Amino acid sequence: MKLPKGATVAVADGAKLNLFHNTGDEVSPKLTAVEHGAVSSEHSGAGARHPSSSANPDDQQTTEDGFAGNVADMLNKQVLAGKISHLVVIAAPKTLGELRKHYHAKLSDVLVGELSKDLTGQSAAEVEKAIAAA
């Protein structure tokens, strides 16, 4: 996958988010970590107050889904504010599915690609390799 210069790469799972910017170019990407504020795992959706049962997700899944929704909200706000012009999202499969539910139309417009992998514990170099292989 090509990674435009200045692109933002969001690497997430159900509890952790790492943000990077491509300070290199399309041919030789170089990911640099970007500081971001804390992301809450509080779920603002209606299902968050229902008790766990066979028909409802367990508390752990609800927490992970809440985190993913809040990550998407943060990314949406940055896209709408013009701070992100190209975005790659790399997330654990369940997290990626939850993120997609919350994408704003403008976020979808700047989305360069997605990878369904859990790379939150990996170095920037490993993330670069995964993007290059995609």
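Two strands count as a pair if DSSP finds at least two bridges between them. Keep that in mind for the close-ups below, which show a predicted model.

**View 1. A hairpin links β1 and β2.**
Start with β1 (8-12) and β2 (17-22). These two strands run antiparallel, and five bridges join them. To get from one to the other, the chain passes through a hairpin of four residues. For a single pair to look at, pick V11, whose bridge partner in β2 is N18.

**View 2. β2 also pairs with β3.**
Now look at β2 together with β3 (residues 31-34): the two are antiparallel here too, with four bridges between them. One pair to find is N22 and its bridge partner L31 in β3. How many of the six residues of β2 are buried? Five of them are, so this strand is largely enclosed by the rest of the structure.

**View 3. β4 pairs with β1 and with β5.**
Here the pairing is parallel: β1 and β4 share five bridges, and β4 and β5 share five bridges in the parallel sense as well. On the β1 side, A10 sits opposite V89 of β4. On the β5 side, I90 has L115 as its bridge partner. In a regular strand, side chains alternate between the two faces of the sheet. You can follow that along β4, where L87, V89 and A91 point one way while V88 and I90 point the other way. Are these residues buried or exposed? All of them are buried. Five of the five residues of β4 are tucked away like this, so the strand is largely enclosed by the rest of the structure.

**View 4. Two separate nonpolar cores.**
In soluble globular proteins, nonpolar side chains tend to be buried together. The largest nonpolar core in this model has 21 residues, and those with the most contacts inside it are L17, V71, L75, L87, V89 and L99. Which elements chip in at least two residues each? They are β1, β2, α1 (59-80), β4 (87-91), α2 (93-101) and α3 (105-110). The largest share, seven residues, comes from α1. Zoom in on V89 and you'll find that it touches, among others, A10, L96, L99 and Y103. There is also a second core, separate from this one, with 13 residues including L3, A7, V9 and A130.

**View 5. D13, a buried charge with no salt bridge.**
D13 sits in the loop between β1 and β2. This residue is buried yet has no salt bridge: the nearest side chain of opposite charge belongs to K16, 7.3 Å away. The backbone of K16 is another story, since its nitrogen lies 2.7 Å from a polar atom of the D13 side chain. Further along the sequence, D13 touches F67, A92, T95, D118 and T120.

**View 6. T120 meets D13.**
T120 belongs to the loop between β5 (111-116) and α4 (124-133). Why does T120 count as buried? Buried means under 20% relative accessible area, and T120 has just 7%. A polar contact of 3.0 Å connects its side chain with that of D13. Besides D13, T120 touches V11, A12, K16 and N18. You've met V11 and N18 already, as bridge partners in View 1.

Definitions and conventions:
Residues are numbered from 1 along each chain as its sequence is written. This is a predicted model: local features need pLDDT of at least 70, side-chain atom pairs count only at pLDDT 80 or more; totals for chains, interfaces and linings use all residues. Side-chain values use heavy atoms; hydrogens and water are left out. Buried means under 20% relative accessible area, exposed over 50%, partly exposed in between (1.4 Å probe, protein chains only). A polar contact is a pair of N or O atoms within 3.5 Å; within protein, one must be able to donate a hydrogen and the other to accept it, and residues adjacent in sequence count only if both atoms are side-chain atoms. Contact means heavy atoms within 4.5 Å. Lys and Arg count as positive and Asp and Glu as negative; His and the chain ends are not counted. A salt bridge is a side-chain nitrogen of Lys or Arg within 4 Å of a carboxyl oxygen of Asp or Glu. A nonpolar core is a set of buried Ala, Val, Leu, Ile, Met, Phe, Trp, Tyr and Cys residues joined through side-chain atoms within 4.5 Å. Lists of a residue's contacts leave out its neighbours within four places in sequence.
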